[in-house]
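Grab a pencil and work through these exercises with the structure open beside you. Try each task yourself before you read the solution.

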Amino acid sequence: MALTTQDRILIETRVSNDGPSVGVAYILWFCLGAFSAHRFYLGRTGTAILQILCNLVLIGFIWVLIDVFLIPGLVRARQDQIRDCLTQQALTIGTV
């Protein structure tokens, strides 16, 4: 069974409302980057903990600076995960 246009619009609306925001991720990176708050926010718990441990030996600060360029891709990946989950729900249950 394929999704209707209305189902797809509803899924995109839910992704926009429930998914992470690039702006919030950048604010968390700027204010709490040393604590990897932006990675926790984006659901990257494992790499957030690894980044905190690397920060203890000062290597992680380079990683935090690299995250400036990675944040948009991380947000898109999380939104895609949410979109896939909602699509599977819609296909199995028949409603979003």
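## Exercise 1: The two sides of a helix

On one side of helix H2, Ile27, Phe30 and Cys31 are exposed. Keep in mind that you're looking at a predicted model.

**Task.** Work out which residues of H2 are buried, and find what they pack against.

**Solution.**

Step 1. Find H2, which covers residues 22-32. Its buried residues are Ala25, Leu28 and Trp29.

Step 2. Now look down the axis of H2. The buried residues fall within an arc of 100°, so they line one face of the helix.

Step 3. See what sits against those buried residues: they pack against helix H3 (37-41) and helix H5 (60-93).

Step 4. Finish at the N-terminal end of H2, where Ser21 acts as a cap. One of its side-chain oxygens lies 3.2 Å from the backbone nitrogen of Gly23.

## Exercise 2: How two helices meet

**Task.** Describe how H4 and H5 pack: what is the angle, and how far apart are the axes?

**Solution.**

Step 1. Know what to look for: two packed helices are described by the angle between their axes and the distance between those axes.

Step 2. Read off both values. Helix H4 (residues 45-55) packs against H5 at an angle of about 135°, and the axes are 7 Å apart.

Step 3. Put a word to the angle. Anything over 145 degrees would count as roughly antiparallel, and 65 to 115 as roughly perpendicular. An angle of about 135° therefore makes H4 oblique to H5.

Step 4. List who makes the contact. From H4 you get Thr47, Leu50, Gln51, Cys54 and Asn55, and from H5 you get Gly60, Phe61, Trp63, Val64 and Asp67.

Step 5. Sort these residues by type: five are nonpolar, four polar and one charged.

## Exercise 3: Buried, exposed or in between?

**Task.** Decide whether Val64, Arg39, Ala34 and Ile59 are buried, partly exposed or exposed.

**Solution.**

Step 1. Get the cut-offs straight: buried is under 20% relative accessible area, exposed is over 50%, and partly exposed is in between.

Step 2. Start with Val64, which lies in helix H5. Its relative accessible area is 8%, so Val64 is buried. Leaving aside neighbours within four places in sequence, Val64 is in contact with Trp29, Gly33, Gln51 and Asn55.

Step 3. Go on to Arg39, in helix H3. Its relative accessibility is 5%, so Arg39 is buried too. Not counting residues up to four places away in sequence, Arg39 touches several others, among them Thr47, Gln51, Trp63 and Asp67.

Step 4. Try Ala34, in the loop between H2 and H3. At 36%, Ala34 counts as partly exposed. Beyond its neighbours within four places in sequence, Ala34 is in contact with Ile52, Asn55 and Phe61. The C-alpha atoms of Ala34 and Asn55 are 7.0 Å apart, though 21 residues separate them along the chain.

Step 5. End with Ile59, in the loop between H4 and H5. With 55%, Ile59 is exposed. Its C-alpha atom is 21 Å from that of Leu42, 17 residues away along the chain.

## Exercise 4: An odd backbone angle

**Task.** Say what stands out about the phi of Ser36, and where Ser36 sits.

**Solution.**

Step 1. Recall the general rule: most residues other than glycine have a negative phi.

Step 2. Check Ser36. Its phi is positive, about 55°, although Ser36 is not a glycine.

Step 3. Place it: Ser36 is in the loop between H2 and H3. At 0% relative accessibility, Ser36 counts as buried.

Definitions and conventions
Residues are numbered from 1 along each chain as its sequence is written. This is a predicted model: local features need pLDDT of at least 70, side-chain atom pairs count only at pLDDT 80 or more; totals for chains, interfaces and linings use all residues. Side-chain values use heavy atoms; hydrogens and water are left out. Buried means under 20% relative accessible area, exposed over 50%, partly exposed in between (1.4 Å probe, protein chains only). Helices (H or I, at least four residues) and strands (E, at least two) are DSSP runs, numbered from the N terminus. The arc is that of the directions from the helix axis to the C-beta atoms. Contact means heavy atoms within 4.5 Å. A polar contact is a pair of N or O atoms within 3.5 Å; within protein, one must be able to donate a hydrogen and the other to accept it, and residues adjacent in sequence count only if both atoms are side-chain atoms. Axes are lines fitted to C-alpha atoms, for helices over the stretch in contact, and angles run from 0 to 180 degrees between N-to-C directions. Angles under 35 degrees count as roughly parallel, over 145 as roughly antiparallel, 65 to 115 as roughly perpendicular and the rest as oblique. Ala, Val, Leu, Ile, Met, Phe, Trp, Tyr, Cys and Pro count as nonpolar, Asp, Glu, Lys and Arg as charged, and the others, Gly among them, as polar.
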